[in-house]
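Thanks, everyone; I would like to take a few minutes on internal space and helix packing. Please have the model open while I talk.

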Amino acid sequence: MSDVMYKRKSITIRDLIMYIFIQFPISSILKTYIGPLNIILTVLVFGLFFFYYMRCGIRKYELALISYSIITIIVNCVKYNGVFYNINMVIYFPFFIFYMLFFIRNDNVFFNFLKNHKFYIDMILYLWNFVVAISFFIPSCYTYEGEDRGFVSFAGTTFLLSPIAIYVFILLVFQYTFYKKNRYLCLMIIPSLCVLMGTSRTYLIVLICAWMIFLYTRISNKRIFKYVVVLFAILALGIILVSPIKNKFTTAAGRVGTANLSFIEAFTSGRSSFWAYDMYMIMHNKINLLIFGNGVNYLFYLNKPVFHVALWAHNDYIQILSDYGIIGIMIYIGLIVAMIKKSAKYIKKSKLIIVILVILWAFNAFFNMFYTYFCAVLSFPYFILLLKYDSQRRYMRKEGKINGKI
């Protein structure tokens, strides 16, 4: 099957898709002020995806999964007559499927775009970091989320800012890896501060995993990586203890005594309560609903009468099982595994780094949600790509095909 691209003025369809992907840190901030911006860009990406498959051909497994995605959109629209608690829920999972399929087939395209578009990527990164750096000094860029006050920049919420920050972080890592300029290393402090000064404990773990993956690629002798992990964990603990996010942990610990909550309820900010209820109701559904799902409004309808708020799951596995059933959760996990396996075969020195990579995704998916945040979804394949690139570079050096240090 040919992957020859339809070109016009030397820009391929895949290039256009990548241009849009790379700018998402900017549009994800701007959408706070220009509501439909990311929706328009997402619709455009879907259109480019379809154009891409029309021009390049489509494989059987891609056809099956893309057809499934389109069917879920149609079924949800028909089932709820186009009325949704959150209309974005209709496209989050289909976008996840399209994006992961695109990466699995085009991981080298991702790499080559990063390598060949230094100026464009620099402009996105410099602009984002400049704007966010200014916002550190603006009082209105700090707000209370729950009981704790945290930094939200112009995004308005930690839960939007943190995934954007992780995406910016990995793009900076690639720029540093390619060009060895210390300015990229210095700029990595800004997205890190976004997480450390926020209120999301989940993204603190994601950030630690992101830094560990970066450090892994900087170490020539992979056998010492486990010791580096221990030293970095100690350093990270020290940073956390002097950063604002420590308040989130002390607040959670205080709830055990003052709010009469169990440790698990306090640690999960009460999510374990509705997780247990949701799972009980899902597992007692009719068999067809358990297999194919209840639709994207189900959990909102389910939780509102009991918890007095139309809650979503705050957990990928429960949300997808509820909305898309066993088939959905198998597709979700299957695509993640397929991506990791494609690169894991290159990584022979350390199984620990694969564990860290899985934690970066799975912890976020379990305690916060992953597939419902575009920048979180966009960023994850880059970590896989970084490890693949690192392994290939070291293999080539070992074979004497390249010289110098990474």
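Before I give a count, let me say what is being counted: a cavity here is a set of points on a 1 Å grid where a 1.4 Å probe fits but cannot get out. This is a predicted model, so please hear what follows as a description of computed coordinates. By that rule, the program finds one cavity of 30 Å³ or more, and the largest cavity holds about 60 Å³ of space.

Which residues line the largest cavity? They are P163, I166, Y203, V206, L360, N364, F370, C375, A376, S379 and F380. By class, this lining has nine nonpolar residues and two polar ones, with no charged residue. In terms of secondary structure, at least two lining residues come from each of α6, α9 (201–218), α17 (351–367) and α18 (374–398), and α18 gives the largest share, namely four residues.

Two of those helices, α6 and α9, also appear in the packing, and I will take them in turn. In general, a pair of packed helices is described by the angle between the axes and the distance between them.

I begin with α6, residues 158–179, and its partner α5, residues 118–135, whose axes come within 11 Å and cross at roughly 135°. That angle makes the two helices oblique to each other, because neither the roughly parallel, the roughly perpendicular nor the roughly antiparallel range, the last of which starts over 145 degrees, includes it. The crossing of α5 and α6 is left-handed. On the α5 side, the contact is made by K118, I121, D122, L125, W128 and N129, while α6 contributes L161, I164, A165, V168, L171, L172, Q175 and Y179. Sorted by class, the residues of this contact are ten nonpolar, two polar and two charged.

Now to α9, which packs with α10, residues 225–241; their axes come within 11 Å and cross at roughly 140°, which means that α9 is oblique to α10. The crossing of α9 and α10 is right-handed. Here α9 brings L204, I208, W211, M212, L215 and Y216 to the contact, and α10 brings F225, V228, V229, F232, A236 and I240. How many nonpolar, polar and charged residues does the contact of α9 with α10 have? There are twelve nonpolar residues, with no polar and no charged ones.

Finally, α9 also packs with α8, residues 189–196, at an angle of about 155° and with the axes 9 Å apart. These two helices are therefore roughly antiparallel to each other, and their crossing is left-handed. The contact is formed by S192, V195 and L196 from α8 together with Y203, L204, L207 and W211 from α9; by class, that is six nonpolar residues, one polar and no charged. Among these, Y203 also belongs to the lining of the largest cavity, while L204 and W211 also take part in the contact of α9 with α10.

Methods:
Residues are numbered from 1 along each chain as its sequence is written. This is a predicted model: local features need pLDDT of at least 70, side-chain atom pairs count only at pLDDT 80 or more; totals for chains, interfaces and linings use all residues. Side-chain values use heavy atoms; hydrogens and water are left out. Axes are lines fitted to C-alpha atoms, for helices over the stretch in contact, and angles run from 0 to 180 degrees between N-to-C directions. Angles under 35 degrees count as roughly parallel, over 145 as roughly antiparallel, 65 to 115 as roughly perpendicular and the rest as oblique. A crossing is left-handed if the near helix is turned anticlockwise from the far one by less than a right angle, and right-handed if clockwise. Contact means heavy atoms within 4.5 Å. Ala, Val, Leu, Ile, Met, Phe, Trp, Tyr, Cys and Pro count as nonpolar, Asp, Glu, Lys and Arg as charged, and the others, Gly among them, as polar. On a 1 Å grid over the protein atoms alone, a cavity is a set of points where a 1.4 Å probe fits but cannot get out, and a pocket is an open set with protein on both sides within 12 Å along at least five of seven lines; lining residues have an atom within 4 Å of a point. Grid points are joined across faces, edges and corners, and a volume is the space filled by probe spheres set on the points.
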